[in-house]
Amino acid sequence: MAILPVRTKLGYGFGSAAYGIKDNGFAVFLLFYYNQVIGLDGLLVAAALATALVVDAFIDPLVGHLSDNTRTKIGKRHPWLYGSAIPIALFWLLLWNPPAMSDGLTFAYLVVTAILVRFSISAYEVPSLALLPELTPDPHERTNIMRYRFMFGWGAGLSIMAVSYGYFLAATPDFPDGQLNPQGYELYSLVGALVMIVAVLISARATQKRIVGNYHRGQSEAPKNDGLKEVIRSFSYHPFKLLLIASLLAYTNQGLIFALTTYLFRHVWELSELAFLGYSLLLFVGVILAFLTVTPLSKRIGKPKAASYFAAISLAIGVAPYWLRLADLFPANGSAALVPALFTLAVTATGFGIAAMILAMSMMADIAEGYEKHTGRKSEGIFSAGMFFTQKLVGGLGLLLAGLIISFVGLPDGAARGSVAPEIVTNLTLAYVSIKTVIGLALIWAFRQIPLENKDSQ
């Protein structure tokens, strides 16, 4: 049966809440927290996170290979899903609660804990994503299923971001600028850890019966893959190489946007903490936009072309406020028109960007299926790992670019809104929008190059 029950889609999708919280934390808060709150130089923070990402990314193919070759009574993937829940929460707590140390030791602590968080998340996400081609053979149903993963992943990330801005990081007498309150980040990490455990366990339970039933009906007899050779063969598969290039560009772009959003909103647009809260809530409108538009367009024109269209629209709308600000054509800071105009464009751009990434993940399952038809080998775990390998590797590049921009323009530590010199703000804006435009144009091209075997798989 190709169509999954809605309850299974909901359960499977809810598991991505753990990844959404992690991803939002790394992308939105972590650079700012270690730089502005802990006091570690922005370039050192970016270097630490990039180092952790690169190291962890090389572990992902190993996780994928091991999950492809795991043989237990509950299948290949579910031992990994259940076993990852507690480590994810434990390492998340450690990451956000560093002891007082020298800059050198803080740098090392950040590298190690970031690696542990990302590795434990990989132990869940790589096998979980590998379930997609096993859940259904229908290519468009895979897109439908992936919508739920993105909805819950983004929903969890945005929800905890909204709670953070509205409560954890709200202004107090001791910290009038609540985003600089270290106790807020402690509470943030505790709530995040609890949600992560629940999400992972619910997702594992929701998919266990269907997947394990299929496993016992024949998948347990599939031959095991031969280690490094299979990883190399899978990564050398031409359609997958092209998908990795597109994903590389997409995640670099996403990492840059998320890492700089706090800085841009504080210093380019001089938004209040209440506006940060409103933005985090409104972003879910973008998630709904992606949820509603991604399947109809991909069915009509195919997944690669639809992804390129979504990426093009996202780029055009996303950079518009910054180019207009540089040309002095956007509403002035503090004006009544600023927030509605800025947030409308940002939310819409986010929605179309999410739609493009939903299709990228859906194409991974189609390509894994095509690989099996050509070679007779099942390597869903390796293909899943490849997507996360790319995401982590270039997510680090996005953070590194953000750190380089902050260091290059000379943004001072702990700067209050409206206190930064105008030339620094202008340089920050120009650097961000120029790099984002170049990456976005390359992404549009890359999506159009991905070949899928037939119309049904598009």
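This note covers the overall build of the chain and then one residue, threonine 437, in a predicted model.

1. Secondary structure. The chain contains 16 helices and zero strands. Helix α16 spans residues 422-448, and threonine 437 sits in it.

2. Overall dimensions. Measuring boxes aside, the radius of gyration is the value to start with: the chain has 21 Å, which agrees with the value near 23 Å for a compact globule of 458 residues. Along the principal axes, the C-alpha atoms occupy a box of roughly 65 × 45 × 35 Å.

3. Interior and contacts. Of the 458 residues in the chain, 59% are buried. Take the contacts between residues at least 6 apart in sequence: 85% of these join residues at least 24 apart.

4. Surface and charge. About 17,200 Å² of the chain is exposed, and 68% of that area comes from carbon and sulfur atoms. The side chains include 33 positive and 27 negative ones, and the centres of these two sets are 12 Å apart.

5. Threonine 437: buried or exposed? Threonine 437 has a relative accessible area of 19%. It counts as buried because buried means under 20%.

6. Surroundings of threonine 437. A polar atom of the threonine 437 side chain lies 2.7 Å from the backbone oxygen of valine 433. Leaving out residues up to four places away in sequence, threonine 437 touches Leu315, Val319 and Trp323.

Methods
Residues numbered from 1 in each chain as written. Predicted model: local features only at pLDDT ≥ 70, side-chain atom pairs only at ≥ 80, totals over all residues. Heavy atoms only, no water. Helix = DSSP H or I, 4+ residues; strand = E, 2+ residues; numbered from the N terminus. Buried < 20%, exposed > 50% of the residue type's maximum accessible area, 1.4 Å probe, protein only. Polar contact = N/O pair within 3.5 Å; in protein donor to acceptor, adjacent residues only side chain to side chain. Contact = heavy atoms within 4.5 Å. Rg over C-alpha atoms; globule rule 2.2 N^0.38 Å. Areas by Shrake-Rupley, 256 points an atom, 1.4 Å probe, with all protein chains shown as cover. Lys, Arg positive; Asp, Glu negative; His and termini not counted. Charge placed at Lys NZ, Arg CZ, Asp CG, Glu CD.
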